[in-house]
Amino acid sequence: IGVKIAGYTGALLFFLIYLAVLPSEHNPIFDEHIIHALIAIGFTFVPSGDWLGFGAWWAKRDIVKRFPILK
């Protein structure tokens, strides 16, 4: 429940942390914060809650059908 919201906000958090340490001492393209942000966004595309958790039950609720971002 809430994996999409957590993925997007987690990616935003990692990106803001990346911006806080500019200019980077290391490679600015393959910085660990950018890699972690991409992984957090990747979590939003995987229906992990349907396999293990309350995702299938949550998807049947009326509010989730009305607002798919909550899935």
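## Exercises on a five-helix chain

Setting aside neighbours within four places in sequence, Val64 is in contact (heavy atoms within 4.5 Å) with Trp58, Ala59, Leu70 and Lys71. The model is a predicted one, in which local features need pLDDT of at least 70 and side-chain atom pairs count only at pLDDT 80 or more, while totals for chains, interfaces and linings use all residues. Residues are numbered from 1 along each chain as its sequence is written, and side-chain values use heavy atoms, with hydrogens and water left out.

### Exercise 1: Val64 and its partner Trp58

Find the helix that holds Val64, decide whether Val64 is buried or exposed, and then look at Trp58.

*Solution.*

Step 1. Start with the helix: Val64 lies in α5, residues 62-66. Helices (H or I, at least four residues) and strands (E, at least two) are DSSP runs, numbered from the N terminus.

Step 2. Now the accessibility. Val64 has a relative accessible area of 4%, so Val64 is buried. With a 1.4 Å probe and protein chains only, buried means under 20% relative accessible area, exposed over 50%, and partly exposed in between.

Step 3. Compare sequence and space. Val64 and Ile5 are 59 residues apart in sequence, and their C-alpha atoms are 13 Å apart.

Step 4. Move to Trp58, which lies in helix α4. Beyond its neighbours within four places in sequence, Trp58 is in contact with Ile1, Val64, Leu70 and Lys71. Trp58 and Leu70 are twelve residues apart along the chain, with 8.9 Å between their C-alpha atoms.

### Exercise 2: The aromatic cluster

Which residues form one aromatic cluster, and how are their rings arranged?

*Solution.*

Step 1. Take the rule first: rings of Phe, Tyr and Trp (its six-membered ring) pair if their centres lie within 6.5 Å; planes under 30 degrees apart count as stacked, over 60 as edge-to-face and the rest as tilted. By this rule there are three aromatic pairs.

Step 2. Work through Phe54 and Trp57. Their ring centres are 6.4 Å apart and their planes stand at 70 degrees, so the pair is edge-to-face.

Step 3. Do likewise for Trp57 and Trp58. Here the ring centres are 6.3 Å apart and the planes are at 40 degrees, so this pair is tilted.

Step 4. Put the names together: Phe54, Trp57 and Trp58 form one aromatic cluster.

Step 5. Check accessibility. Phe54 counts as exposed because its relative accessibility is 59%, and Trp57 counts as partly exposed because its value is 46%.

### Exercise 3: The largest pocket

How many residues line the largest pocket, and which helix gives the most to the lining?

*Solution.*

Step 1. Recall what is being searched for. On a 1 Å grid over the protein atoms alone, a pocket is an open set of points where a 1.4 Å probe fits, with protein on both sides within 12 Å along at least five of seven lines; lining residues have an atom within 4 Å of a point.

Step 2. Read the volume: the largest pocket holds about 210 Å³ of space. Grid points are joined across faces, edges and corners, and a volume is the space filled by probe spheres set on the points.

Step 3. Go to the lining. It has 15 residues, with Val46, Pro47, Ser48, Gly49 and Lys71 nearest the pocket's centre.

Step 4. Assign the lining to helices. α1 (3-20), α3 (48-51) and α4 (55-59) each supply at least two residues, and α3 gives the most, with three.

Step 5. Look at Gly49, which sits in helix α3. Gly49 counts as buried because its relative accessibility is 18%. Apart from its neighbours within four places in sequence, Gly49 is in contact with Phe54, Gly55 and Ala56.

### Exercise 4: The loop and the whole chain

Describe the peptide bond from Leu22 to Pro23, then the chain overall.

*Solution.*

Step 1. The bond from Leu22 to Pro23 is cis, with omega near -5 degrees. Pro23 is in the loop between α1 and α2 (32-43), and Leu22 is placed in the loop between α1 and α2.

Step 2. Leu22 counts as partly exposed because its relative accessibility is 42%. Leu22 and Ser48 are 26 residues apart in sequence and 34 Å apart in space, C-alpha to C-alpha.

Step 3. Step back: the chain has five helices and zero strands. Along its principal axes, the C-alpha trace spans about 50 × 20 × 15 Å.

Step 4. Finish with burial: buried residues make up 17% of the 71 residues in the chain.
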